[in-house]
Amino acid sequence: MIVKSAEFICSNTQISKLPPPVKAEYAFIGRSNVGKSSLINMLAGKKGLAKTSQTPGKTQLINHFLINDNWYIVDLPGYGYARASKSKKADWSKFIHTYLDKRESLQCVMVLIDSRLEPQKIDIEFCNWLGEKGLSFVLVFTKADKQSSIKTDQNIAKFRKALLETFEEVPKHFLTSAETQLGHDEVLAFISQINQQ
Ligand code: GTP
Ligand code: MG
C-alpha cells in the first residue's frame, strides 16, 4: 500500500467523542516508550504526525490519524508508565480497555514489543487480556536497529514461546525499525489486506 495522505483528525479522552465508527481502524499499543508514535510516523511517511519523545508518557490521549481518506491509525497512551500516579494509571487503563473492547470499527490491535528486551510480564498479560476478549492482534517488535539480529531473534522466539503457555496459536509478528524503515511494507501490506476483505 502507498500512503498518499496522512492527517491528524482528533485527540480524545472520551469514548463518546471518538469519530463515528464507520472507517476501519488499527490501534497501536504497547509499553510507554516502546516506539508507538515513531512507528506511526514511519508508516505514514510523515515525521511530525504523531508526537514522539525520549521521555515515557508522551502520548496521553487517543489520537486518530486518517490514512488515504480511508482508514485510521490510532495512537494510544503507553501502558506501564511507572511515573504516572496510581489514579491516573487506573484511568488510562480503564479508558484503553473500554476503547479496545467496545470499538466496533477496530480491525486489529497492533501490540508493540521492544525487541531488545526479554519477554516482559506486562506485555504477556496484555496479550492474554486481548485473547480473553477475543480481539484479534498481531505482535510488532520495535527498535530492531538497536541490537544484533541474533539477539532480536532470540527475544522474539522467547516471547512467542511465553505466549504458547496460554495461546494454542501465536499471532503473526512483524519486525520493525522506525530508524531504518524495516517492516514498513510488510505492516502496510497486512493492513491493506484486511481493508480489502
Ligand atoms: P509514549 O507515547 O510515551 O508511550 O511513547 P511511544 O511508545 O509513542 O514512543 P516514541 O515513539 O515516542 O519513542 C520513544 C523513544 O524511542 C524516542 O526517543 C524515539 O526516537 C525512540 N525510538 C522509537 N522507535 C525507534 C526505533 O525504531 N529505533 C530507534 N533507534 N529509536 C526509536
Ligand atoms: Mg507516543
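**Exercise 1. Which residue in S4 stands opposite alanine 27?** Work out how the strands around it pair.

Solution.
- The model is predicted. Its protein chain averages a pLDDT of 92, and 95% of the residues score at least 70.
- Start at alanine 27. Valine 74 in S4 stands opposite.
- Now take the whole pair. S2 and strand S4 (residues 71–75) run parallel, joined by four bridges.
- Turn to another partner of S2. Strand S2 (residues 25–30) also pairs with strand S5 (residues 106–114), in the parallel sense, over six bridges.
- Pick a matched position in that pair. Isoleucine 29 faces valine 111 of S5.

**Exercise 2. Trace the chain from S5 to S6 and give the handedness of the crossover.**

Solution.
- Check the pairing. S5 and strand S6 (residues 137–142) are parallel and share six bridges.
- Find a matched position. Aspartate 114 stands opposite threonine 142 in S6.
- Follow the connection. From S5 the chain passes through helix H3 (residues 121–133) to reach S6.
- Assign the hand. This β-α-β crossover is right-handed.
- Place the helix. H3 lies across S5 and S6, and runs at about 165° to S5.

**Exercise 3. Write the strand order of the sheet and identify its edges.**

Solution.
- Write the order: S1-S3-S4-S2-S5-S6-S7.
- Describe the sheet. These seven strands form an open sheet with mixed pairing.
- Read off the ends. Strand S1 (6–12) and strand S7 (173–175) stand at the edges.
- Draw the consequence. Each edge strand has a single partner strand, so one side of each is left without a neighbour in the sheet.
- Add the twist. From one strand to the next it averages 25°.

**Exercise 4. Is alanine 6 buried, partly exposed or exposed?** Locate the residue, classify it and list its contacts.

Solution.
- Locate the residue. Alanine 6 lies in strand S1, which is an edge strand of the sheet.
- Count its surroundings. There are 18 other C-beta atoms within 10 Å of alanine 6.
- Apply the cut-offs. A buried residue needs 20 or more, and an exposed one has 12 or fewer.
- Conclude. With 18, alanine 6 falls in between, so alanine 6 is partly exposed.
- List the contacts. Leaving aside neighbours within four places in sequence, alanine 6 touches Ala44, Lys46, Leu49, Phe65 and Ile67.
- Take one of these further. Phenylalanine 65 is 59 residues from alanine 6 in sequence. In space the two are 6.5 Å apart, C-alpha to C-alpha.

Definitions and conventions: Residues are numbered from 1 along each chain as its sequence is written. Chains are lettered from A and ligands numbered from 1 in the order in which they are written. This is a predicted model: local features need pLDDT of at least 70, side-chain atom pairs count only at pLDDT 80 or more; totals for chains, interfaces and linings use all residues. Two strands pair if DSSP finds at least two bridges between them. Helices (H or I, at least four residues) and strands (E, at least two) are DSSP runs, numbered from the N terminus. A crossover is right-handed if, with the strands pointing away from the viewer, the path from the first strand over the helix to the second runs clockwise. Axes are lines fitted to C-alpha atoms, for helices over the stretch in contact, and angles run from 0 to 180 degrees between N-to-C directions. Two residues are in contact if their C-beta atoms, placed from the backbone, lie within 7 Å. pLDDT is the predictor's confidence in each residue, from 0 to 100.
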